[in-house]
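Student: I've got the model open and want to quiz you on how its pieces fit together. Can we go through it one question at a time?

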Amino acid sequence: TRCIHVVRSPAATSDKYWYFINIHLSAYDSSGNLRSQQLEFIRSLMEDLYDAGNYVIAGGDWNSLFPGTDIDTFGAYTTKEENLFWIQSIPKDWTPEGWQWAVDPSAPSCRTLDKPYVKGENLGVLIDGFLLSPNLTAVSVKTLDLQFKDSDHNPVIVQVTAGSTSPASSPR
């Protein structure tokens, strides 16, 4: 079963912790029920950790399109419709208030596997990225466009800093 792996690390400047939630949600859930349950579990966990004053980064393979992206974000493709059944979007009202998505729309993070990769033929989508608690700010986020050389995913790197531009977002 896919879902999450949680790593906790002490924050250097307080008695709180950094929580890194490595995401790998189910993709082949045609009804969407399992994915919906996973998203609700993750949201509850993230909010509980943040409400305790911690720093929270949830990131990885969400196997869902991020808000603001859609299936044709990266242009034309020839992938057959029957091979796209797994693509769903994160519900628009799912993101907790004040949390920020850190994604890089400059390159796809994942491609379809119906055939070996050929740019413009395989569908490329943005499903790998990070969600940051309100007490964090993304300094940078970058998808390394490796043209899917060794995987069906391109790596995504985020750099964050503690703190926010909003005074209400400081650790509690």
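**Strands, core and odd spots**

Student: In E7, which residue is the bridge partner of Ala 58?

Tutor: Ground rules first: this is a predicted model, where local features need pLDDT of at least 70 and side-chain atom pairs count only at pLDDT 80 or more, while totals for chains, interfaces and linings use all residues. Residues are numbered from 1 along each chain as its sequence is written, and side-chain values use heavy atoms, leaving out hydrogens and water. Strands (E, at least two residues) and helices (H or I, at least four) are DSSP runs numbered from the N terminus, and two strands pair if DSSP finds at least two bridges between them. Strand E3 (residues 55-61) runs antiparallel to E7 with five bridges, and the partner of Ala 58 there is Leu 131.

Student: And which residue stands opposite Leu 131 in E7?

Tutor: Look at strand E4 (residues 100-102), which runs antiparallel to E7 and is joined to it by three bridges. The residue opposite Leu 131 is Trp 101.

Student: How many of the five residues of E7 are buried?

Tutor: In a regular strand, side chains alternate between the two sheet faces, so check both. Asp 128, Phe 130 and Leu 132 are buried on one side (under 20% relative accessible area with a 1.4 Å probe, protein chains only; over 50% is exposed, in between is partly exposed). Gly 129 and Leu 131 are buried on the other side. E7 is largely enclosed by the rest of the structure, because the buried count is five of the five.

Student: Which strands stand at the edges of the sheet?

Tutor: The sheet is open, with mixed pairing and the order E1-E2-E3-E7-E4. Two of its strands have a single partner each, so one side of each lacks a neighbour in the sheet: E1 (4-10) and E4.

Student: In E2, what is the bridge partner of Ser 9?

Tutor: E1 and E2 run antiparallel, joined by seven bridges. In that pair, Ser 9 is matched with Trp 18.

Student: Which element supplies the largest share of the largest nonpolar core?

Tutor: That core (buried Ala, Val, Leu, Ile, Met, Phe, Trp, Tyr and Cys residues joined through side-chain atoms within 4.5 Å) has 18 residues, and those with the most contacts inside it include Ile 21, Met 46 and Trp 94. Strand E2 (17-24), helix H1 (33-51) and E3 each give at least two residues. The largest share, five residues, comes from H1.

Student: How many disulfides are there?

Tutor: A disulfide needs two cysteine sulfur atoms within 2.5 Å. The sulfur of Cys 3 is 18 Å from its closest cysteine sulfur, in Cys 110, so that's too far for a bond. Cys 3 is partly exposed at 23% relative accessible area, whereas Cys 110 is buried at 3%. The count is zero.

Student: Is Asn 63 buried or exposed?

Tutor: Asn 63 sits in the loop between E3 and E4. Its phi is positive, about 50°, although it isn't a glycine. With a relative accessibility of 4%, Asn 63 counts as buried.

Student: What is the relative accessible area of Phe 148?

Tutor: Phe 148 lies in the loop between strand E8 (136-143) and strand E9 (156-162). It's another non-glycine with a positive phi, about 55°. Phe 148 is buried, and its relative accessible area is 4%.
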